[in-house]
Amino acid sequence: MTASPLRLRLDSSALVANWRTLDAMSGPAACGAAVKANGYGLGAREVVARLAAAGCRDFFVSTWAEAAQLADLGVAVSVLHGLRAEDMAAKRPAYARPVLCTPAQVRRWRDAGGGACDVMVDTGMNRLGIAPRDVADGLLEGLRIETLMSHLACADEDVPRNARQRDALAALEGKTSARRLSLANSAGIALGPDYGFGLTRPGIALYGGRQRPEHAAIRQVVTPEAQILQRRRVGAGESVGYNATFTAPAAMEVAILNIGYADGYLRCFSGKGMARAGDAALPVLGRVSMDLLAVDVGAAPSLGEGDWVALDYRLPETAAVSGLSQYELLTGLGARFDRIWS
């Protein structure tokens, strides 16, 4: 395969260090890992292999197709979207179990004589999950439940809803066959030990996302890099890119990079983003195109065609600049990147 003119530099040591930080913050609770959406865009198989070697034992994906991609790794995988009728007819990985999240899914699993499962209970997010009253009415009787879980709606904020959801899940302790309870995502872990229960399920913080001050130790994992296709001189008064949104105030040196919004470097970075070559800052000029990007390389006189530059992509800071969530920044990184683990 020809090497791509785009690459993601992925820091294995930072990924593992982030999981260990979250594991320590989880206290006595086990610390799992959400690896849905292809490991938040990094590559689920590579993420799972590294975290399993570090001691992680519980992994979470959205669909059975995602679980199948991990089938040969021999790790426990929970499928968060549960079990559709179509999934019953398909071959399911041996190490994967459904997170049953509707009464119909519960009945489908029981009628099929299914084995171990997880169950999602809605404690106030009104997304997926059975109602607590369904538990009281005996819906889950006869199931072999590994984890009874719920999901925090506002864990990145200090609001009363967090405690209400925690208490609603705690009230179900001992009311089912579940071996353990689980509530906390990345931000929920930072709310303290009362939110840990038996298992935490971090996602974004594993990959460098910081949502609360308690995440200060979380390290950057992902750095996009792009190759220079052309270096050119732009005269004073000449414009750069679509709709001429940038006009050179003086003669300047510009590099055209092989990256654009089709790769996840979106138009919201137009005139706002920053690339770097060593210590040199290279501001984005004009509109981000589908496959191309212009940057000011006046501070890097030695850069030329074929050289590589890094795009600023520290998640909290880049989210503030772009208006995108940290989740969008990661999962939007496209398939044209070579993913290179350190």
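This note comments on the nonpolar cores and on two helices of a predicted model.

1. Basis. Residues are numbered from 1 along each chain as its sequence is written, and side-chain values use heavy atoms, without hydrogens or water. As the model is predicted, local features need pLDDT of at least 70 and side-chain atom pairs count only at pLDDT 80 or more, while totals for chains, interfaces and linings use all residues.

2. Cores. The largest nonpolar core (buried Ala, Val, Leu, Ile, Met, Phe, Trp, Tyr and Cys residues joined through side-chain atoms within 4.5 Å; buried is under 20% relative accessible area, 1.4 Å probe, protein chains only) has 90 residues. Its largest share, six residues, comes from helix 3 (residues 44-54); helices are DSSP runs of H or I with at least four residues, strands are E runs of at least two, and both are numbered from the N terminus. Another core, of nine residues, lies apart and includes Val240 and Phe246.

3. Val119. Val119, Leu140 and Leu282 have the most contacts inside the largest core. Contact means heavy atoms within 4.5 Å; beyond four places in sequence, Val119 touches residues including Val99, Leu140 and Met149.

4. Helix 3. Ala44, Val47, Val48, Leu51, Ala52 and Ala54 are its buried residues. They fall within an arc of 155° seen down the axis, so they line one face of the helix; the arc is that of the directions from the helix axis to the C-beta atoms. Their cover includes helix 1 (12-25) and strand 19 (338-341).

5. Helix 6. In helix 6 (residues 103-111), Gln105, Val106 and Trp109 are buried. These residues fall within an arc of 100°, so they line one face of helix 6.

Notes: Buried means under 20% relative accessible area, exposed over 50%, partly exposed in between (1.4 Å probe, protein chains only).
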